[in-house]
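Grab a pencil and work through these exercises with the structure open beside you. Try each task before you read its solution.

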Amino acid sequence: MANKECSFCASKEGVDTRLIAGERVFICEHCVISAYKIFFGDTEEEEKSSEPIEQELLTPKQLKTILDKFVIGQERAKKVFSVGIYNHYKRIFKQTDVEDSTEIAKSNILLVGPTGSGKTLMAQTMAKFLDVPIAICDATSLTEAGYVGEDVENILTKLLQVANWDIKKAEQGIVFIDEVDKVARMSENRSITRDVSGEGVQQALLKIIEGSVVNIPPKGGRKHPNQDFLQINTVNILFICGGAFDGLEDIIKRRVGQNVLGFDQEKRAKSNDIKLLKTVEPDDLVHYGLIPELIGRLHILATLDEISEDEMVRILVEPQNAILKQYKKLFAIDNVELNFEDEALKEIATLAIKRKTGARGLRTIMEEIMIDVMYELPELDGYEIMITKDVVVNGEKPLYIKKNRQSA
């Protein structure tokens, strides 16, 4: 029988050359390696490129200045958040600058504030300007191992995907877990059945948050038992948890012995609740339903205030990517000038506050107001569109002003 040979390079089968047989074809191990490099790149070069590049650290003041461009208000929360980010990356890159036996422990962050107050935006903004990958997930979609739902380890798979499968880069990234308050355990009325999306999820989060080597299925989940697992060390990954924690104020009131009854209490309730949140303590979060072990790993606590009407107007107009600026650009592309009366902006802010969705509701309201105008937009070349208070409140048509073009 004739010696077998590679169908690609004609190498003969021997001690130094092994062949893989197909249907009337063969391929040698050298061609397999070459094909792998063509499709997936040179693994040695990838490992070299994945080495962390130490960059100059931005100071807390510089970090807050960046946040100021995108997040309106929340001055105290932005300051606490900036210090936490600075200390985290200083721990990674600068800890060895001082030679002693002291090891700086990792500090993760917990953001407490109403829906739409800027928790996710703060994390996204920091990740973008620090050029680190960020994975954002909803705690309500997570379940503990063995149940239908998303495994906690999939958070790290998402982070790895955002980092373009660069493990070193992912190990210095940020994970933002939103609505962590929704997995609080039922303290008084706990079911005899297993708490799939509550305490079990909190227990599953402990391992990855505290810093450990975790096996990550690259395809996600446990549906592919034969897949090779990737190992990722979470010791330098910053975990940020956020939640509205509705009802936390009542727990704080009971702790401080504040009387919630009486004729004057209702008038001062809202302002008092805002002040109360700033005095939140770990025990309050335990009574809310977070397990002590999880709270012990979220050392930095920042509380965000409910957005006022004036701040809502500023959110519409001032940030670098303000909604109003985005719409103006959309109109300018069709050579149409878009303007809003001040009263119209105030009415939009009022509507957003009534919907109790925070700044998230602004875009929905704007879309409802602008949809008819944008439908006609391509035919409005050379016009100025003025959105008045009546457009927002009564649904009337905007003012269409034909701009005069004077030749020079």
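**Exercise 1. Decide whether Phe-245 is buried or exposed, then look at its backbone.**

Keep in mind as you go that this is a predicted model.

Step 1: Find the spot. Phe-245 sits in the loop between strand S10 (238-243) and helix H9 (248-256).

Step 2: Check the surface. Buried means under 20% relative accessible area. Phe-245 has 0% relative accessibility, so it counts as buried.

Step 3: Check the backbone. Most residues other than glycine have a negative phi. Phe-245 isn't a glycine, yet its phi is positive, at about 50°.

**Exercise 2. Do the same for Glu-179: where does it lie, and what is its phi?**

Step 1: Glu-179 is in the loop between strand S7 (174-178) and helix H8 (199-210).

Step 2: The phi of Glu-179 is positive, about 55°, and this residue is not a glycine either.

Step 3: Now for the surface. The relative accessible area of Glu-179 is 28%, so this residue is partly exposed.

**Exercise 3. Work out the surroundings of Ala-77: which residues does it touch, leaving out those up to four places away in sequence?**

Step 1: Locate Ala-77 in helix H4 (residues 75-94).

Step 2: Look at the cover. With a relative accessible area of 2%, Ala-77 is buried.

Step 3: List the partners. Apart from residues up to four places away in sequence, Ala-77 touches Met-122, Ala-302, Thr-303 and Leu-304.

Step 4: Take one partner and compare sequence with space. Ala-77 and Met-122 are 45 residues apart along the chain, while their C-alpha atoms are separated by 9.6 Å.

Step 5: Zoom out to the whole chain. Among contacts with a separation of 6 or more, 67% are between residues 24 or more positions apart.

**Exercise 4. Explain how Asp-68 and Lys-64 are placed relative to each other in helix H3.**

Step 1: Start with the pair. Asp-68 and Lys-64 form a salt bridge, and their closest N and O atoms are 3.3 Å apart. That fits the rule, which asks for a side-chain nitrogen of Lys or Arg within 4 Å of a carboxyl oxygen of Asp or Glu.

Step 2: Count along the helix. Both belong to helix H3 (residues 60-68), and because they are 4 residues apart there, about one helical turn separates them.

Step 3: Compare the two ends of the bridge. Asp-68 is partly exposed at 31% relative accessibility, whereas Lys-64 counts as buried at 17%.

Step 4: Follow the links outward. Lys-64 and Asp-68 join Glu-75 and Lys-78 in a network of salt bridges.

**Exercise 5. Show which parts of the chain the pair Arg-255 and Glu-281 ties together.**

Step 1: Confirm the bridge. The side chains of Arg-255 and Glu-281 meet in a salt bridge, with an N to O distance of 3.6 Å.

Step 2: Place both residues. Arg-255 lies in helix H9 and Glu-281 in the loop between helix H10 (265-277) and helix H11 (282-288), so the bridge ties together parts that are 26 residues apart in sequence.

Step 3: Check the surface. Arg-255 is partly exposed, with a relative accessible area of 33%, and Glu-281 is partly exposed too, with 36%.

Step 4: Try another pair. Arg-314 and Glu-318 form a salt bridge with their closest N and O atoms 3.1 Å apart. Arg-314 is partly exposed at 36%, and so is Glu-318 at 41% relative accessibility.

Step 5: Get the total. The count comes to 12 salt bridges.

**Exercise 6. Find out which residues gather in a patch of negative charge on the surface.**

Step 1: Name the members. Glu-341, Asp-342, Asp-390 and Glu-396 make up the patch.

Step 2: Test one member. Patch residues need over 30% relative accessible area and no salt bridge. Asp-390 has 36% and is partly exposed. You'll find Asp-390 in helix H17 (residues 389-394).

Step 3: Look just before that helix. Thr-388 lies in the loop between strand S13 (383-387) and H17. With a relative accessible area of 12%, Thr-388 is buried.

Step 4: See what Thr-388 meets. Not counting neighbours within four places in sequence, Thr-388 is in contact with Glu-341, Ala-344 and Leu-399. Glu-341 is also one of the patch residues.

**Exercise 7. Sum up the whole chain: how many helices and strands does it have?**

Step 1: Count the elements. There are 17 helices and 14 strands.

Step 2: Add the burial. The chain has 408 residues, and 42% of them count as buried.

Step 3: Finish with the surface. The accessible surface comes to about 23,900 Å², and 51% of that belongs to carbon and sulfur atoms.

How values were computed: Residues numbered from 1 in each chain as written. Predicted model: local features only at pLDDT ≥ 70, side-chain atom pairs only at ≥ 80, totals over all residues. Heavy atoms only, no water. Patch = residues over 30% accessible without salt bridge, like charges linked within 9 Å, V, L, I, M, F, W, Y side chains within 5 Å. Areas by Shrake-Rupley, 256 points an atom, 1.4 Å probe, with all protein chains shown as cover. Lys, Arg positive; Asp, Glu negative; His and termini not counted. Charge placed at Lys NZ, Arg CZ, Asp CG, Glu CD. Helix = DSSP H or I, 4+ residues; strand = E, 2+ residues; numbered from the N terminus. Buried < 20%, exposed > 50% of the residue type's maximum accessible area, 1.4 Å probe, protein only. Contact = heavy atoms within 4.5 Å.
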